[in-house]
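Biologist: Could we go through this model together? I would like to begin with the strand pairing.

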Amino acid sequence: MIPGIGLMVVKKKGASLKTNLASHFSAEETSGSTAYDSHGGNNGTIYNCTLNQTGKIGKCFSYNGSNSRIIIPDSSIYDNNGNITFNVWVRFASVSSTRAIFAFSVGSSGGVFRLQLSLGTLNMLFCSSYEAWPPTTLGLLSPSLNTWYMITAVIENIFDGSYKQRGTGYVNGSYVTSAERNQTDGNWDMSPIQNPTIGASDNSYFFSGLIDEVSFWTKSLSPADITLLYNSGNGLSYTNW
């Protein structure tokens, strides 16, 4: 209540979540070949996904494991200083082979980010350049089929006398593991991000199952932010951020 005016100020539950949010794909499409970016306007192109499926929140995209993917255009809205967060709800239909949930490359530096299922284990790979190759891999989860999981991958830059990247993984709003890697060239940036793809890595590692509520930030979300997104297992609709 504002004194002397009588107006009640209502703050949305996750209002801070829109700060440094680059893109959000709610997956509410029922037809067509466009995946609408609700926040950044950087719409993607849908290839061979089944639309209008029951999702974690509203509708979702269904991936067939053989040629389904959503390709997002390269854009400066993803430029960053080395701090990024990716969040998604997923439901696996298959845990065999290697299946990417989200992936991108980092310009000509040879860097990579990939959230993927490999040999039955969900893991995240990250590396900002060839000089720091190979990528660090974090094992996050051995998932069950036909179960919804909220997966959050956070990458942040660190300087404690030397340049480092830290990758941290969360499942269902809870911290799972983290790792640090030396960045010998001092290059923290994961820019420019190229070939961002939902449900595949370039033209391979096709995902099998359901994907919903895909979000990408150019900052590292806090544990409190991630708890808000999980919302006691109910998820938090973008309209309530």
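Modeller: Strand 8 and strand 15 run antiparallel and are joined by 4 bridges. Two strands count as paired if DSSP finds at least two bridges between them. Strands are DSSP runs of E of at least two residues and helices are runs of H or I of at least four, both numbered from the N terminus.

Biologist: Before we go on, what kind of model is this?

Modeller: This is a predicted model, in which local features need pLDDT of at least 70 and side-chain atom pairs count only at pLDDT 80 or more, while totals for chains, interfaces and linings use all residues. Residues are numbered from 1 along each chain as its sequence is written, and side-chain values use heavy atoms, with hydrogens and water left out.

Biologist: Back to strand 8, then. How many bridges does it make with strand 9?

Modeller: Strand 8 pairs with strand 9 (residues 110-118) through 8 bridges, in the antiparallel sense. S105 stands opposite V112 in strand 9, and S105 also stands opposite Q194 in strand 15.

Biologist: How many residues of strand 8 are buried?

Modeller: Strand 8 covers residues 98-106, and 7 of its 9 residues are buried, so the strand is mostly covered. Buried means under 20% relative accessible area, exposed over 50%, and partly exposed in between, with a 1.4 Å probe and protein chains only.

Biologist: And the chain as a whole: how many helices and strands are there?

Modeller: The protein chain has 1 helix and 16 strands. Of its 241 residues, 53% count as buried. It exposes about 10100 Å², of which carbon and sulfur atoms supply 48%; these areas come from the Shrake-Rupley method with a 1.4 Å probe, and for residues only the protein chains shown count as cover.

Biologist: What share of the contacts comes from residues 24 or more positions apart?

Modeller: Such residues account for 63% of the contacts with a separation of 6 or more, a contact being heavy atoms within 4.5 Å.

Biologist: Can you give me one residue as an example?

Modeller: L141 lies in strand 11 (residues 136-141) and counts as buried at 17% relative accessibility. Leaving aside neighbours within four places in sequence, L141 is in contact with G120, T121, L122, Y149, I151 and V171. L141 and G120 are 21 residues apart in sequence, and their C-alpha atoms are 8.5 Å apart in space.

Biologist: New topic: how many disulfides does the search find?

Modeller: A search of the whole structure finds 0, where a disulfide is a pair of cysteine sulfur atoms within 2.5 Å.

Biologist: Why is there no bond for C49?

Modeller: The closest cysteine sulfur to that of C49 belongs to C60, and at 10.0 Å it is too far for a bond. C49 counts as buried at 13% relative accessibility, and C60 is buried too, at 0%.

Biologist: How many aromatic pairs are there?

Modeller: The count comes to 16 aromatic pairs. Rings of Phe, Tyr and Trp (its six-membered ring) pair if their centres lie within 6.5 Å; planes under 30 degrees apart count as stacked, over 60 as edge-to-face and the rest as tilted. F159 and Y163 form a tilted pair, 5.0 Å centre to centre with 55° between the planes, and Y163 is partly exposed at 38%. W217 and W241 form a stacked pair, 5.7 Å centre to centre with 20° between the planes.

Biologist: Where do W217 and W241 lie in the chain?

Modeller: They link distant parts of the chain, 24 residues apart: W217 is in strand 16 (residues 208-217) and W241 is in the segment after helix 1 (223-230). Both W217 and W241 are buried.

Biologist: Which residues do ring pairs link into a cluster?

Modeller: The cluster consists of Y78, F86, F102, F104, F113 and F216.

Biologist: And which ring does the charged end of R69 sit over?

Modeller: It sits over the ring of Y47, 4.9 Å from the centre. K18 lies over the face of Y238, at 4.6 Å from the ring centre. The rule asks for NZ of Lys or CZ of Arg within 6 Å of the ring centre and within 35 degrees of the ring normal.

Biologist: Last point, the backbone. What is the phi of N172?

Modeller: N172 has a positive phi of about 55° although it is not a glycine. Most residues other than glycine have a negative phi. N172 is in the loop between strand 13 (163-171) and strand 14 (174-182) and is partly exposed at 22%. N195 also has a positive phi of about 55° without being a glycine; N195 lies in strand 15 (residues 193-198) and is partly exposed at 37%.
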